[in-house]
Amino acid sequence: MLKKFILLVLVTAVTACANVPQLMKENIQEPEVTYKNISVGQLTSDKIELKPTFSIANKNSYTIPVDGLKYELSFNQKTMIKGETDKIGDLPANQSKDVTLGIDLTKETLASLQDILLTESKVDYLIKGEVEIMGFRFPFKKASTLYKPSVSIGKLEIKKSNFKKIDMVLTLTVDNKNDFDLPLDMLGYKVSSGLNQLVSGDLKNQKIEQGINHIRIPLSVNLSQLFSSVFSLMQNPQLPLKFEFSAGGFEKSVEQTLDLRSLF
C-alpha cells in the first residue's frame, strides 16, 4: 500500500513538472509587437543599412525578461538575411519598449537587390521573426515595398562662360516613393565628353526626403581640355555631355548636348 502511495506521488510530481511550461505560457499575456517605422542608416557603395523599429508591449501586470529577438529578411519571398539581437532586458508591467534592428545589406545580398531594382524598380520585402520571453517565442512580421528612387536631369543653369571655362549649376530631380528618407553619405558625380572626363566630385551629407527632391550640383568645365583654339571650338560648337551619378551602389547616367554658340 505504501509503495503504491509513493508511486502515485512520484507520478503526480512528474506530471506537474511536465505541465509547468505549458501552464506558464497559458498564464503569460502574449507581448504585442507592433511595427513603427523603417529608416536607412549608412548608405555607401558597398553597404545599405536598414533600420526597422518595432515596439514590444508588455500586457502583463508584472515585469517580464525579454531574452532577445530573432529575425529574417526576405526579398520577393526569398530569404536573404537571418540574425538576432542581444539580450534586450526587463520590460516593466504594462509598458512598451522600442527595438531597432540594424540589418546590413552587403555583397551578395546587395547585388541581388540591385539586380531586382534594375529590372523592376521595386522589390517586396518581409521582415519577420520571434520575440523570446522566458524561453517562449512569440512571432511578428512586417511586409512592405522598397522602391528605387528615379533620377532625372532638371534645369542646367549657365552661371558664367567664356572661351576658357563654363561655370554652371545642374539640378537633379529625385523622386523617392519610399515611406522613409534616404540619407546619402556621398553622392558621387562625373561629367565627360566622349573619352574626356571633364570634372568629378561628390556631395556629402545629402538627404533624399519622401517625394520629389531637387539637388543642385555646381560644375565647372574647362574648354581647353576639349578645344585647342577658339577656332576649333567654333568649328564644332555642339558639346556632348554625359553626366554620371552614383550613390549606395546604384548608378545613373544621362546624356545632353550643349550648344556653345548660345553662350558666347
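Which residues have the most contacts inside the largest nonpolar core?

## The nonpolar core

Let's start in the middle of this predicted model. Its largest nonpolar core counts 64 residues, and Leu69, Leu73, Leu105 and Leu219 are those with the most contacts inside it. Strand S3 supplies the largest share of this core, with six residues.

Leu105 is a nice one to click on. Setting aside its neighbours within four places in sequence, Leu105 is in contact with Asp46, Lys47, Ile48 and Leu50, and also with Leu73, Phe75, Ile81, Leu110 and Leu113.

## Ser74 in strand S3

Ser74 sits in strand S3, which covers residues 64–75. Is this serine, Ser74, buried or exposed? Its relative accessible area is 6%, so Ser74 is buried, the cut-off being under 20%.

The side chain of Ser74 makes a polar contact of 3.5 Å with the side chain of Thr79. Apart from residues up to four places away in sequence, Ser74 touches Thr79, Met80, Asp124, Tyr125 and Leu126.

## Aromatic pairs

For ring lovers, the structure has two aromatic pairs. One of them joins Tyr35 and Phe54 edge-to-face, with 5.7 Å centre to centre and 70 degrees between the planes. This pair links distant parts of the chain: Tyr35 belongs to strand S1 (residues 32–44) and Phe54 to strand S2 (residues 47–57), 19 residues apart.

Phe54 has a relative accessibility of 2% and therefore counts as buried. Ring pairs also bring in Phe140, linking Tyr35, Phe54 and Phe140 into a cluster.

Key. Residues are numbered from 1 along each chain as its sequence is written. This is a predicted model: local features need pLDDT of at least 70, side-chain atom pairs count only at pLDDT 80 or more; totals for chains, interfaces and linings use all residues. Side-chain values use heavy atoms; hydrogens and water are left out. Helices (H or I, at least four residues) and strands (E, at least two) are DSSP runs, numbered from the N terminus. Buried means under 20% relative accessible area, exposed over 50%, partly exposed in between (1.4 Å probe, protein chains only). A polar contact is a pair of N or O atoms within 3.5 Å; within protein, one must be able to donate a hydrogen and the other to accept it, and residues adjacent in sequence count only if both atoms are side-chain atoms. Contact means heavy atoms within 4.5 Å. Rings of Phe, Tyr and Trp (its six-membered ring) pair if their centres lie within 6.5 Å; planes under 30 degrees apart count as stacked, over 60 as edge-to-face and the rest as tilted. A nonpolar core is a set of buried Ala, Val, Leu, Ile, Met, Phe, Trp, Tyr and Cys residues joined through side-chain atoms within 4.5 Å.
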